[in-house]
Amino acid sequence: MSQATVLLVEDEKDIQTVVEFNLERAGFKVLKATDGLDGLRRAQSEHPDLVVLDLMLPGLDGKEVCRRLKQGEDTRHIPILMLTALSSETDRIIGFEIGADDYLTKPFSPRELVLRVQAILRRAQEQPEAEAPLKTAGLVIDPQRHLALAGDRELDLTATEFKLLHHLAARAGRVQTRQMLLERVWGYAYEGYARTVDTHVRRLRRKLGRFSDRIETVRGIGYRFREKP
Ligand code: CA
């Protein structure tokens, strides 16, 4: 992934400089935008491999940029790492609700940002596991076609949600701790990021609709996929 392109949308000059420097040093090609609208247009025209998106931006804010990217046929697959000065859980959840793949709160270490970018890209670029579709009481999860069906309804899942669902379903009946899920689905396991798993599970359950109870919460430990409703 040495020449992957990262679009950095950030209006604060100091942060822009330090992030650009560190990403370039790690081998990325860096494109820049300093307001939301310009960021959106560059993402639409240049199709970067990933967008690092500040939440508070002049013009169009980061939330709106994220929403529009996730609505666009051509751009919805581009992973987004959100940056924000706000650290409350609510803001973190909002970030995930609108489709961000990961979240970093300012001040952050540039090194951590680079690690996150690498982990997200690794996840996005991983070849689908050469496995037969999983079929389990009304649910079909096909890793090769990246297709999940609940009954006859096709689920609109992000890459991370799909991987999470597939990971859980492939280990039906076995408890998966948040730590295990972070390591295997997200590719990293930082202290304090267990909530990331909870937020994604909540969103996945909502998308599963009447199949939502197939993902069972094991209190204080993690999650377990039920083979039968
Ligand atoms: Ca800002």
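The following exchange examines how several descriptions of this predicted model are justified.

User: Why is Asp-54 called buried or exposed?

Analyst: Asp-54 has a relative accessible area of 1%. Buried means under 20%, so Asp-54 is classed as buried.

User: Why is Met-56 called buried or exposed?

Analyst: The relative accessible area of Met-56 is 52%. Exposed means over 50%, and Met-56 is therefore classed as exposed.

User: What makes Asp-54 and Met-56 part of the coordination of the calcium ion?

Analyst: The calcium ion is coordinated by Asp-11 (OD), Asp-54 (OD) and Met-56 (O), at 2.1 to 2.3 Å. For Ca, donors are N, O and S atoms within 3.2 Å, so these oxygen atoms count as donors. Along the sequence, the spacing of the donor residues is D-x42-D-x1-M.

User: Why are helix 6 and helix 7 called parallel, antiparallel, perpendicular or oblique?

Analyst: Helix 6 and helix 7 pack at about 125 degrees, and their axes lie 10 Å apart. Roughly perpendicular covers 65 to 115 degrees, roughly antiparallel begins over 145, and the rest count as oblique once angles under 35 degrees are set aside as roughly parallel. The two helices are therefore oblique to each other. The crossing of helix 6 past helix 7 is right-handed.

User: Which residues of helix 6 and helix 7 meet?

Analyst: From helix 6, Thr-160, Lys-163, Leu-164, His-167 and Leu-168 meet Leu-181, Arg-184, Val-185 and Trp-186 from helix 7.

User: How do you know whether His-167 is buried or exposed?

Analyst: His-167, a residue of helix 6, has 8% relative accessibility. The limit for buried is under 20%, so His-167 counts as buried. With residues up to four places away in sequence left out, His-167 touches Gln-176, Leu-181, Arg-184 and Val-185.

User: Which residues touch the most other members of the largest nonpolar core, and which elements contribute to this core?

Analyst: The largest nonpolar core has 26 residues, of which Leu-164, Leu-165, Leu-208 and Ile-215 touch the most other members. Elements giving two or more residues include strand 7 (139-142), helix 6 (159-170) and helix 8 (194-208). Helix 6 gives the most, with five residues.

User: What is Leu-165 in contact with, beyond its neighbours within four places in sequence?

Analyst: Leu-165 is in contact with Ile-141, Ala-148, Leu-157, Leu-204, Leu-208 and Phe-225.

User: How many helices and strands are there in the chain, and what share of residues is buried?

Analyst: The chain has eight helices and twelve strands. Of its 229 residues, 48% are buried.

Definitions and conventions. Residues are numbered from 1 along each chain as its sequence is written. This is a predicted model: local features need pLDDT of at least 70, side-chain atom pairs count only at pLDDT 80 or more; totals for chains, interfaces and linings use all residues. Side-chain values use heavy atoms; hydrogens and water are left out. A nonpolar core is a set of buried Ala, Val, Leu, Ile, Met, Phe, Trp, Tyr and Cys residues joined through side-chain atoms within 4.5 Å. Buried means under 20% relative accessible area, exposed over 50%, partly exposed in between (1.4 Å probe, protein chains only). Helices (H or I, at least four residues) and strands (E, at least two) are DSSP runs, numbered from the N terminus. Contact means heavy atoms within 4.5 Å. Donors are N, O and S atoms within 2.8 Å of the metal (3.2 Å for Na, K and Ca); water is not among the atoms, so sites may look incomplete. Axes are lines fitted to C-alpha atoms, for helices over the stretch in contact, and angles run from 0 to 180 degrees between N-to-C directions. A crossing is left-handed if the near helix is turned anticlockwise from the far one by less than a right angle, and right-handed if clockwise.
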